[in-house]
Amino acid sequence: SRLTVRRHYSTSPLSFVPNEEIHRFEGELLTNEENEASIPDRPQLQQSQKYHHNIISPEDVADLITRPNINDTLITVLSQDSTFLGSSSHKLVNIDPSKATEPAKLRFANIGLRWISLFNKQVRTLSELPSSSETFSFSFQKKSVNDIISSKYAEVLSEPDFYLYTNENLKSFYDSFKAFTNSERRLHGLLAPSELAHTVFFENVTLFLIGTTEVRESSANFEVLISFLEQNASFCTSQNLQEILVHLIHNLYESKLPSIQSKLASFNEFFDSQESSVEQSKFFGLEPGTLDKLAFLMSVSGNIDKANKILSFLIEKHGICPSQDTINIFLSNYQKSNRSTLGREKFLRELSFLKPALCHRSLSSIEFSVLLEYTVNDIQDLHQFINLVTSNKNGTKLLSKYQLDLLKKLQDIQKASQFTNTEKALQYTQLVVRLVESQVKLSSQAVELVE
């Protein structure tokens, strides 16, 4: 026979919903007031330990010398709170002056690894300047036009007792080609395309004169021509002015330094008066080599703000490393112009854009001295600075030449800090070991200073 299993169901299903009528004792019934009073107060968290901390973004660090290697990374992630470079006294400068200068506590190893990776990526790879042997040309300076001007110029110079470089005589020279009339007609669209090729315009005569020996070798003639050009710049289009500027920049850069100094005042006046006329996009569209020369000239003349802007554009937009001469003269004159107010934070904030260029090639003596003075503030900075110096081929030469300066900088750091005698001795030993490992032969003065 077959067994039948019968299932029995309760007539009252089990309920987890409280029932006011059953399973309730009188002692469990509370009034509304008693229910509200039973809710605990919100806890006071003001004195509790904080687990959220702000960390400076790698993009916001103003720095010129720090490029953490694998050893620096290990020190960072293994230190307490993963403090950058392992020191709670090593402060990073924020690019924003309103933000505090403070250590970077990265808290956790994974954050530290990612932060250092992003920090090192801020140093972009730069390209070299185009070869200086490349010549520049002007699309509208036709040979036939140049020959016409050259022939007339030789004729004028051969005239006895005639001096071309006065305002009145220059005007007559331009008028002999109808340069003003032709330029004005072109600006108003009154010349046929077929006439443009063989017509002499204001900029044609100007470019020819800038290239003459009389203008290149005479500051007085240069100043007269620039003054005349400034008075009559309205006869040029923005493209004409840009090409004249390029010609002037090359002319000045190729002059001897004393000649540059005397010519720069008039050039700066003209440049400032015409900068708004030359569209910004076209001005900064100059060739990298020309921009580098312009930054050099602005640095020589003491126009540091403009040189700063040009160098920043060259590095950040073009991805080109400025020439060593340009950076040297810029740093020297920047230092002189800001000496009374210049400190580490100001220096780093204003010049941090130079870091890719300083990492691109070997440091010069000027770069070494300026960086040592204004960027090295503690033991970690000194370690990073030596890493930067030794990362290029002439590092040994620089360390050998400036070994005393490095030891004296270490002394200054120790005086400003509270190191024990044992720590000071260890720091001297570590520095000497770095120098010896870099094949630096210590001088007798250095040995005496260490002892």
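In these exercises, a residue is buried when its relative accessible area is under 20%, exposed when it is over 50%, and partly exposed in between (1.4 Å probe, protein chains only). The model is predicted, so local features need pLDDT of at least 70 and side-chain atom pairs count only at pLDDT 80 or more, while totals for chains, interfaces and linings use all residues. Residues are numbered from 1 along each chain as its sequence is written, and side-chain values use heavy atoms, with hydrogens and water left out.

**Exercise 1. Determine whether Asn251 is buried or exposed, and list its contacts.**

Step 1. Asn251 is located in helix α11 (residues 238-253); helices (H or I, at least four residues) and strands (E, at least two) are DSSP runs, numbered from the N terminus.

Step 2. The relative accessibility of Asn251 is 6%, so Asn251 counts as buried.

Step 3. A contact means heavy atoms within 4.5 Å. With neighbours within four places in sequence left aside, Asn251 is in contact with Ile210, Arg216, Phe222 and Lys263.

**Exercise 2. Describe the chain as a whole, then its nonpolar cores.**

Step 1. The chain contains 24 helices and two strands. Of its 451 residues, 44% are buried.

Step 2. Among the contacts with a separation of 6 or more, 72% come from residues 24 or more positions apart.

Step 3. A nonpolar core is a set of buried Ala, Val, Leu, Ile, Met, Phe, Trp, Tyr and Cys residues joined through side-chain atoms within 4.5 Å. The largest such core has 100 residues, and Leu209, Phe267, Phe347 and Phe385 touch the most other members.

Step 4. Beyond its neighbours within four places in sequence, Phe267 contacts Phe222, Leu245, Leu248, Ile249, Leu252, Leu294 and Met298. A second, separate core comprises ten residues, including Leu92, Ala104, Leu106 and Trp115.

**Exercise 3. Explain why the buried residues of helix α6 lie on the same side of α6.**

Step 1. Helix α6 spans residues 179-187, and its buried residues are Ala179, Phe180, Asn182 and Ser183.

Step 2. These residues cover an arc of only 165 degrees around the axis, and therefore they sit on the same side of α6. The arc is that of the directions from the helix axis to the C-beta atoms.

Step 3. The packing partners of the buried residues of α6 are α5 (167-175), α8 (202-210) and α10 (219-231). Just after α6, Gly189 adopts a positive phi of about 70 degrees.

**Exercise 4. Classify the packing of α16 against α17, and place Leu351 in it.**

Step 1. Helix α16 (residues 324-337) and helix α17 (residues 344-351) pack with their axes 13 Å apart, at an angle of about 140 degrees. Axes are lines fitted to C-alpha atoms, for helices over the stretch in contact, and angles run from 0 to 180 degrees between N-to-C directions.

Step 2. Angles under 35 degrees count as roughly parallel, over 145 as roughly antiparallel, 65 to 115 as roughly perpendicular and the rest as oblique. The helices α16 and α17 are therefore oblique to each other.

Step 3. The crossing of α16 and α17 is right-handed. A crossing is left-handed if the near helix is turned anticlockwise from the far one by less than a right angle, and right-handed if clockwise.

Step 4. From α16, the contact involves Phe330, Leu331 and Tyr334; from α17, it involves Lys346, Phe347, Glu350 and Leu351.

Step 5. Leu351 has 0% relative accessibility and thus counts as buried. Its contacts, apart from neighbours within four places in sequence, are Leu64, Asn308, Phe330, Leu331 and Tyr334. Leu351 and Tyr334 lie 17 residues apart in sequence, with 9.9 Å from C-alpha to C-alpha.

**Exercise 5. Characterise the crossing of α2 and α3, and the surroundings of Ile116.**

Step 1. The axes of helix α2 (residues 70-78) and helix α3 (residues 109-120) cross at roughly 145 degrees and come within 8 Å. The crossing of α2 and α3 is right-handed.

Step 2. Thr73, Thr76 and Val77 of α2 make the contact with Ala109, Gly112, Leu113 and Ile116 of α3.

Step 3. Ile116 is buried, at a relative accessible area of 3%. Not counting residues up to four places away in sequence, Ile116 touches Pro68, Thr73, Thr76 and Phe84.

Step 4. The C-alpha atoms of Ile116 and Leu85 are 10.0 Å apart, with these positions 31 residues apart along the chain. Leu85 belongs to the loop between α2 and β2 and has a positive phi of about 65 degrees, although it is not a glycine.
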